Amino acid sequence: MGKIKVTKVKSAINRSKNQKLVLESLGLKKIGQTVEHNDTPNILGMVNKVKHLVSVEETK
């Protein structure tokens, strides 16, 4: 199982409550903050919901 780095690159202002909750559950609060997660289907689904607000890169 690989790992991914998720970085918040855009603000959550004027976004739906669901998208704000997804960002919070990923552990992203501030712009520029990076978190590392396993690339499970659950995490990838959450990233897909907010793909316009984050950048993703694979790590080993």
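Colleague: How much area does the protein chain expose, and what share of it do carbon and sulfur atoms supply?

Modeller: Keep in mind that this is a predicted model. The protein chain exposes about 4,200 Å², and 50% of that is supplied by carbon and sulfur atoms.

Colleague: What share of the 60 residues is buried?

Modeller: Buried residues account for 30% of the 60 in the protein chain.

Colleague: Let's get to the fold. Which pattern do the helices and strands follow along the sequence?

Modeller: Walk along the sequence and you get β-α-β-α-β. That's 2 helices and 3 strands in the protein chain. The radius of gyration is 11 Å, close to the 10 Å that the globule rule gives for 60 residues, so the protein chain is as compact as a globular protein of that length. As for the box, the C-alpha atoms fill roughly 35 × 20 × 15 Å along the principal axes.

Colleague: And how do I read the contacts? What share of those between residues at least 6 apart in sequence join residues at least 24 apart?

Modeller: In the protein chain, 73% of them do.

Colleague: Now the inside. How many residues does the largest nonpolar core have, and which have the most contacts inside it?

Modeller: The largest nonpolar core has 13 residues, and the ones with the most contacts inside it are Val-6, Leu-23, Leu-26, Leu-28, Val-47, Val-50 and Val-54. At least two core residues come from each of β1 (3-8), α1 (17-26) and α2 (41-49). The largest share, 3 residues, comes from α1.

Colleague: Take Leu-26 from that list. Which residues is Leu-26 in contact with, leaving aside neighbours within four places in sequence?

Modeller: Leu-26 is in contact with Val-35, His-37, Ile-43, Met-46, Val-47 and Val-50.

Colleague: What about Gln-19: buried or exposed?

Modeller: Buried. Gln-19 is found in helix α1, and the usual cut-off for calling a residue buried here is under 20% relative accessible area. Gln-19 comes in at 19%, so it counts as buried. Leaving aside neighbours within four places in sequence, Gln-19 is in contact with Lys-49, Val-50, His-52 and Leu-53.

Colleague: His-52 shows up there. Where is the place of His-52?

Modeller: His-52 is in the loop between α2 and β3. Its relative accessibility is 36%, so His-52 counts as partly exposed. Not counting residues up to four places away in sequence, His-52 touches Lys-10, Arg-15 and Gln-19. There's also a sequence-versus-space reading to make: His-52 and Val-9 are 43 residues apart in sequence, with 8.7 Å between their C-alpha atoms.

Colleague: And which pair with Val-56 can I read that way?

Modeller: Try Val-56 and Lys-17, which are 39 residues apart in sequence and 22 Å apart in space, C-alpha to C-alpha. Val-56 sits in strand β3 (residues 54-59) and counts as partly exposed at 43% relative accessibility. Its contacts, neighbours within four places in sequence aside, are Ile-4, Lys-5 and Val-47.

Colleague: Over to strand β2. Which residues is Thr-34 in contact with, leaving aside neighbours within four places in sequence?

Modeller: Thr-34, in strand β2 (residues 34-38), is in contact with Lys-5, Val-6 and Thr-7. At 42% relative accessibility, Thr-34 counts as partly exposed.

Colleague: Asn-38 lies in strand β2 as well. What does Asn-38 touch, not counting residues up to four places away in sequence?

Modeller: Asn-38 touches Met-1, Gly-2, Lys-3 and Ile-43. With 33% relative accessibility, Asn-38 counts as partly exposed. The C-alpha atoms of Asn-38 and Glu-24 are separated by 17 Å, and the two residues are 14 apart along the chain.

Colleague: Next, backbone angles. What is phi of Asn-14 near?

Modeller: Start with the general idea: most residues other than glycine have a negative phi. Phi of Asn-14 is near 65°, a positive value in a residue other than glycine. Asn-14 is in the loop between β1 and α1, and is exposed, with a relative accessible area of 75%.

Colleague: Last one: how many positive and negative side chains does the protein chain have?

Modeller: There are 12 positive and 5 negative side chains, and the centres of the two sets lie 10 Å apart.

Terms used
Residues numbered from 1 in each chain as written. Predicted model: local features only at pLDDT ≥ 70, side-chain atom pairs only at ≥ 80, totals over all residues. Heavy atoms only, no water. Helix = DSSP H or I, 4+ residues; strand = E, 2+ residues; numbered from the N terminus. Rg over C-alpha atoms; globule rule 2.2 N^0.38 Å. Buried < 20%, exposed > 50% of the residue type's maximum accessible area, 1.4 Å probe, protein only. Contact = heavy atoms within 4.5 Å. Areas by Shrake-Rupley, 256 points an atom, 1.4 Å probe, with all protein chains shown as cover. Lys, Arg positive; Asp, Glu negative; His and termini not counted. Charge placed at Lys NZ, Arg CZ, Asp CG, Glu CD. Core = buried A, V, L, I, M, F, W, Y, C linked by side-chain atoms within 4.5 Å.
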